[in-house]
Amino acid sequence: MLFLNILIISVLTILFVLNFKNKKLKIPTWKYETEAEMLGRIGEKNVSIMLKFLPKDYRIFNDIYLEVNGITTQIDHLIISNYGIFVIETKNYSGWIYGGDSSEYWTQNMYGKKYKFYNPIKQNFAHINVLESILKIQKYKFVPIVVFTGDAELKINSKNIVIHLLELERFILNYKTKIFTNSDIEKIIEKLRASIVLDENIEDKHIQNIKTRLKQKKEMINHGICPKCKTKLVEKNGRYGKFIGCSNFPKCKFILKKQEIV
């Protein structure tokens with residue numbers, strides 16, 4: 001299985017390069033601050049190639065930026081179909097991946113070394129909240145999907161959709177109940193296109209936006225304030241030891257492990 005995943009990912013990367021050559025275009029270059037950004041971009045390109053195998057009536061948008069009330073959101077992949085709106089968050093990771101629905105961070109274990117990254121399920125639900133606001137569509141008509149493009153072994157405790165790249169096309173095509181007419185789809189696309197930010201500096205603005213929000217979140221946590229509902233954070237005893245949680249539980253389920261406080 002590991003060899004097959006590596007083989008498919010390699011083939012997709014080659015197809016991506018050939019696709020640009022056939023169109024007589026230069027392969028684009030990106031400025032990366034970290035290796036993670038480079039791997040993320042490769043993962044997104046592999047997903048975009050895989051999505052091309054979907055039927056033509058599945059309308060695909062890759063790497064789009066939206067802005068609501070001055071806050072920017074970047075969505076890796078969005079598919080609008082008669083059967084729902086699929087919102088895809090892509091992660092290009094190897095090793096063992098641990099996490100759950102309510103975890104603030106997930107963990108990658110590579111040969112005994114552990115690395116944390118923000119919970120992609122929460123990340124994707126934030127994208128859906130923005131889309132719901134822009135498109136005025138009920139949340140149940142969105143299908144959030146987290147896709148891992150590397151050879152990761154997923155040890156995830158989740159009720160949400162977390163799959164490998166090779167499962168993606170079949171998973172999407174399994175949705176067979178129509179909830180949108182063709183006319184609905186055209187109206188949705190019209191609204192979406194009107195909200196997509198085309199500013200060439202949007203990526204830099206988005207990165208700065210994220211850094212600002214993370215800084216604000218850390219400041220609130222360090223002052224004992226829940227970054228989600230702005231009530232008091234308290235220390236609690238859980239099944240696996242002490243942790244910091246929101247005093248407004250169960251209305252707010254924000255939790256933070258003590259070692260994650262900065």
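This report walks through a sheet, the helices that pack on it, and a hairpin. Keep in mind that what you're looking at is a predicted model.

**The sheet**

Let's start with the strands. Five of them form an open sheet, and going across it you meet them in the order E1-E2-E3-E7-E9, with mixed pairing. The two at the edges are E1 (59–68) and E9 (161–164), each of which pairs on one side only. Going from one strand to the next, the twist averages 35°.

Now zoom in on E3 and E7. These strands run parallel and are joined by seven bridges. If you want one pair to find on screen, try Glu-89, whose bridge partner in E7 is Val-146.

**A helix across the strands**

Next comes helix H3, made of residues 120–135. H3 lies across E1, E2 (71–81), E3, E7 and E9, and runs at about 145° to E3. Helix H5 (residues 182–195) packs on the sheet too, where it touches E1, E2 and E3. The direction of H5 makes about 45° with that of E1.

**A closer look at H5**

How far does H5 reach from its first C-alpha to its last? The answer is 20 Å for its 14 residues, close to the 20 Å expected at 1.5 Å a residue.

Which residues of H5 are buried? They are Ile-185, Ile-188, Ile-189 and Leu-192. These residues sit on the same side of H5 because they cover an arc of only 100° around the axis. And what covers them? The cover includes E1, E2, E3 and H3. Flip to the face turned away from that buried side, and you'll find the exposed residues Lys-187, Glu-190 and Ala-194.

**The hairpin**

Finally, have a look at E10 and E11. These two strands form a hairpin, with two residues between them. Six bridges join E10 to E11, and the strands run antiparallel. Here Lys-236 stands opposite Phe-243 in E11.

Here are the two strand pairs side by side:

| Strands | Residues | Bridges | Direction |
|---|---|---|---|
| E3 and E7 | residues 84–91 and residues 142–148 | seven bridges | parallel |
| E10 and E11 | residues 233–238 and residues 241–246 | six bridges | antiparallel |

To retrace the route on screen, begin at the edge strand E1, go on to H5, which packs on the sheet, and end at the hairpin of E10 and E11.

Methods. Residues numbered from 1 in each chain as written. Predicted model: local features only at pLDDT ≥ 70, side-chain atom pairs only at ≥ 80, totals over all residues. Heavy atoms only, no water. Pairing = 2+ DSSP bridges. Helix = DSSP H or I, 4+ residues; strand = E, 2+ residues; numbered from the N terminus. Axes fitted to C-alpha atoms, helices over the stretch in contact; angles between N-to-C directions. Contact = heavy atoms within 4.5 Å. Expected span 1.5 Å × (residues − 1). Buried < 20%, exposed > 50% of the residue type's maximum accessible area, 1.4 Å probe, protein only. Arc of directions from axis to C-beta.
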